[in-house]
Amino acid sequence: VGNDTFLSQIINFVEQAQNSKPEIQKYADKISSVFTPVVIVISIITFLAWFFVGPMPIWGNSVSNFIAVLVIACPCALGLATPTAVVVATGRASLKGLLIGGGDIIEKAVGIDTIIFDKTGTITEGKPSVIEVNFKDHDDSILKDVASIEQFSEHPLSKASVKYAKEKGLALNEPDSFEIVKGKGLKAEIDGKDYLIGNEKLLNENGVVLDESLTLKQVGSFVFISLSGKHIGSIVIGDKIKVSSKETINHLKKRGIETWMITGDNEIIAESVSKELGIDHFIANALPLEKSTQLEKLQADGKIVAMVGDGVNDAPALAKANLSMAMGTGTDVAINASDVTIVKGDLSKALEFIELSEGTMKIIKQNLFLSMIYNTLLIPIAAGVLVIFGGPMMPPVLASVAMALSSISVVSNSLRIKNLI
């Protein structure tokens, strides 16, 4: 309720983004801090020059040109150049299902040359289902125990097993003990029976030898089950690739961005997904900290790395990436560790954000140029230089119109951001 609702979080995200300054705004502020006193000096010199050298009326011309210089050089457009672009960009992003953690995040996406994806829930739907089961005996009793344990896990693979058991009409119990082994699986005791449920690493570390008669034919995520130190069953769980994944990765590669997939899944399924999508590199059987370790290696090689994920396991890597994007359909810890939240989990939005960021930064630079060119070119005219060549003076009213036009041009240019995505 209240501030804890997702709607409230969206509002806070947008407000924070629109109130924060990107690095380029700090440069604009520095320029303004130098430009303003310089203009004041120029206006005083203009006044003195017209007062002592200019034609009659001395006071009228001196004051008029003094005011015209001050008005024409007012750095309003310079002050608007970045904030208007940030407000339009963050507003447009939120309408497109992208929540940006701050105006400075827009700059982070510029220059990204490597992007790392998690698999489950990011590249794939994250709603896997059981596609093959191979138990040694007592299928239903083992499945009932496994589902009873896995109902307390948030992992998508566990949810698939629970759903499968419920569809078979099995009534679930509660385990006596329950422990999550990060990146590997579950340890639990139920009705006096000790279970290990997870990947091959979990069983190997606990001295359990895999039974070759319990191999699986289908390609998917393998879940191995051990009872009292013996391998008694295997489950293969498949996860559908998102419709947008292949097209998004193709577009990223066309932009020269190197693609990686780092997943806790086994080598077979990781290779299968990687080949289907044309991903440049993949790492399988990765533990949570291995994702962040690989990311740091890429950064050490001079890469500017973006990370896209959705789970607790992705949080360390998301926190260390140059740009981090989390699926809004994922866990709170992943969302909190990220710079950008993709509300509906559509992977194509990651590409859209990169395009929006690059386009916004170009427009900000154009805005800075437009604001500075007005001031630079019109200050001499406001100071009365044209009079030397027989031209007219610029009255303060006309100077104010020119100053307003510079602000209008900056705001109008910023509104073009709406058409970027």
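Modeller: Quick bit of vocabulary before we start: two strands pair if DSSP finds at least two bridges between them. And keep in mind that this is a predicted model.

Colleague: Okay, which residue in β13 stands opposite L98?

Modeller: β1 covers residues 98–100, and β13 covers residues 340–342. The two strands pair in the antiparallel sense over 3 bridges. Across from L98 in β13 stands I342.

Colleague: Which strands stand at the edges of the sheet, each with a single partner strand?

Modeller: The sheet is open, with 7 strands in the order β1-β13-β12-β11-β2-β9-β10. Having a single partner leaves one side of a strand without a neighbour in the sheet, so look at the two edges: β1 and β10.

Colleague: Is D314 buried or exposed?

Modeller: D314 lies in the loop between β11 and α13. Leaving aside neighbours within four places in sequence, D314 is in contact with D118, K291, M307 and G309. The cut-off for buried is under 20% relative accessible area. D314 has 1% relative accessibility, so it counts as buried.

Colleague: Now helix α10. Within what arc do its buried residues fall?

Modeller: The buried ones are S244, S245, T248, I249 and L252. An α-helix has 3.6 residues a turn, so residues three or four places apart point the same way. On the other side of α10, V243, E247 and K254 are exposed. The buried residues line one face of the helix, because seen down the axis they fall within an arc of 125 degrees.

Colleague: And which residue with a positive phi follows α10?

Modeller: Helix α10 spans residues 243–254. The residue that follows has a phi near 80 degrees, and that's G256.

Key. Residues are numbered from 1 along each chain as its sequence is written. This is a predicted model: local features need pLDDT of at least 70, side-chain atom pairs count only at pLDDT 80 or more; totals for chains, interfaces and linings use all residues. Side-chain values use heavy atoms; hydrogens and water are left out. Helices (H or I, at least four residues) and strands (E, at least two) are DSSP runs, numbered from the N terminus. Buried means under 20% relative accessible area, exposed over 50%, partly exposed in between (1.4 Å probe, protein chains only). Contact means heavy atoms within 4.5 Å. The arc is that of the directions from the helix axis to the C-beta atoms.
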